[in-house]
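Student: I have a model open and want to check the words used to describe it. Can we go through them one by one?

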Amino acid sequence: MPLQLPMNAQATDPASLERHFGGGEGLLPLWIAEPYLDLAPAVVAALQERADIGWYGYEVRPESAIGEFWKWTSIRHDWTGAGLATIVSPSVGTSIGVLIDQLTEPGDGVILQPPVFTDFKSLITAAKRTVVRNPLELTDDGYRMNLDDLAKKAADPTTRALILCSPHNPVGRVWTVEELEAVVAICARHDVFVIADEIHGDLTLPPATFVPFAEVAKGTGVSWAALHGPIKTFGLAGVCDTLVVTDDDRVAKLFETRSSQLHLTRNNVFGIAAFEAAYRSGASWLDDMLELVQANQALLDAELPDGIEVAHLEGTYLAWLDFRSLRMDARELASWLAESARLGLSPGHWFGREGAGFARMTIAAPPEQIEDAIARLQNAVATLKR
Ligand SMILES: Cc1ncc(COP(=O)(O)O)c(C=O)c1O
């Protein structure tokens, strides 16, 4: 890869590649959702400066960090966050785990909208809650929520929460105001708590616009918390904290109490430095990356071989490729991608059974790498036809 990843980066870790793709030799790995690019110079500089200090003890998180986040959201999403509680959490997964733990009981149902980010299911089952499936529908116009089914599932009194992936990983939808209003109405009516995972919100591609759940929820009575942070946007999942935002003091208090009980608030000196630098100085780097993602998506649109389609991408840097017309089952497709194309993509069935026949490719990468991936697919498809 042009970007030199450390040996133990998950994307290139030999044991992970062996397990998922039968080995890393000659494989082009584009499976983990993070940018394979030189990261924002301001962030790298802030980390280098922090390292140079040569002291890495207990630190107090500056108030300014949260302020930088809200300045960022008001500029980029016209969302000031007035009146909302903002709580620091080590990761999105941690936040979802704590919210499920605090707001639902063992056995309660938590709704998912598959095909969807893999961790959600394991967070629900690990907490001994029940996964309630509300699959997305694939229409001629792309993926849509099945709102009738959502209303039916939400009406079950044992259903207590919905994990809303907004924007949606892996299908790349950015939900519209109307779609979010429909979710709000259903969840308010049936008292279903909405965990809005908005970690990809900054990765919305024009002309789509990101609508924060908070803005649609205002004054409706729906209970919710939204999850944010710089980790996906700036490639900082190994360093940075994330945020939980809510308008509900009770939820904020429950979250803070549990965090404090488990010492989840422990600081990381590098995380603090990178978090502020990203939001203060990362805008132009992000704009460049979003342009690159759109250019890479256009490459896929134009050059994928017959038999492979790419879903229209409204947000995230994750292309969702449709291989169904090659008529392979989920396992065959996964082995064909790994062995014949030598491509490390996330097979669609990892995201739920609705993902069978699809695969996810990270396209926040140099165009030469996307060209290489396309050439591998062209060759593999040509071999099939022989
Ligand atoms: C929608 C979504 N939520 C959460 C995460 C993971 O966040 P964390 O590593 O902070 O748990 C990812 C990672 O790809 C993601 O795509």
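Student: How many Å separate the centres of domain 1 and domain 2?

Tutor: 26 Å, taken over C-alpha atoms. Keep in mind that this is a predicted model. Domain 1 covers 14-40 + 283-385, and domain 2 covers 55-281.

Student: How many residues does each domain give to the contact?

Tutor: Domain 1 gives 25 residues and domain 2 gives 27 residues. Contact here requires C-beta atoms within 7 Å.

Student: Which element gives the largest share on the side of domain 1 that touches domain 2?

Tutor: α11, with four residues. Both α11 (283-303) and β12 (318-322) give two or more residues to that side. By class, that side has 14 nonpolar, seven polar and four charged residues.

Student: Why is the largest nonpolar core said to lie between the domains?

Tutor: Domain 1 and domain 2 both give residues to this core, so it lies between them. The core has 114 residues. Those touching the most other members are I163, V194, I195, F213 and A274. Helix α10 (residues 269-281) provides the largest share, seven residues.

Student: What is I195 in contact with, leaving aside its neighbours within four places in sequence?

Tutor: I96, L99, A161, L162, I163, L164 and A225. The C-beta atoms of contacting residues lie within 7 Å, so each of these pairs with I195 meets that cut-off.

Student: Which residues come nearest to the ligand?

Tutor: A33, S91, V92, G93 and N169, out of 13 around the ligand. That shell has seven nonpolar, five polar and one charged residues. Glycine counts as polar, so G93 belongs to the polar class.

Methods:
Residues numbered from 1 in each chain as written. Predicted model: local features only at pLDDT ≥ 70, side-chain atom pairs only at ≥ 80, totals over all residues. Domains from an automatic or database assignment. Contact = placed C-beta atoms within 7 Å. Near = placed C-beta within 6 Å. Core = buried A, V, L, I, M, F, W, Y, C linked by C-beta atoms within 7 Å. Buried ≥ 20, exposed ≤ 12 C-beta atoms within 10 Å, placed from the backbone.
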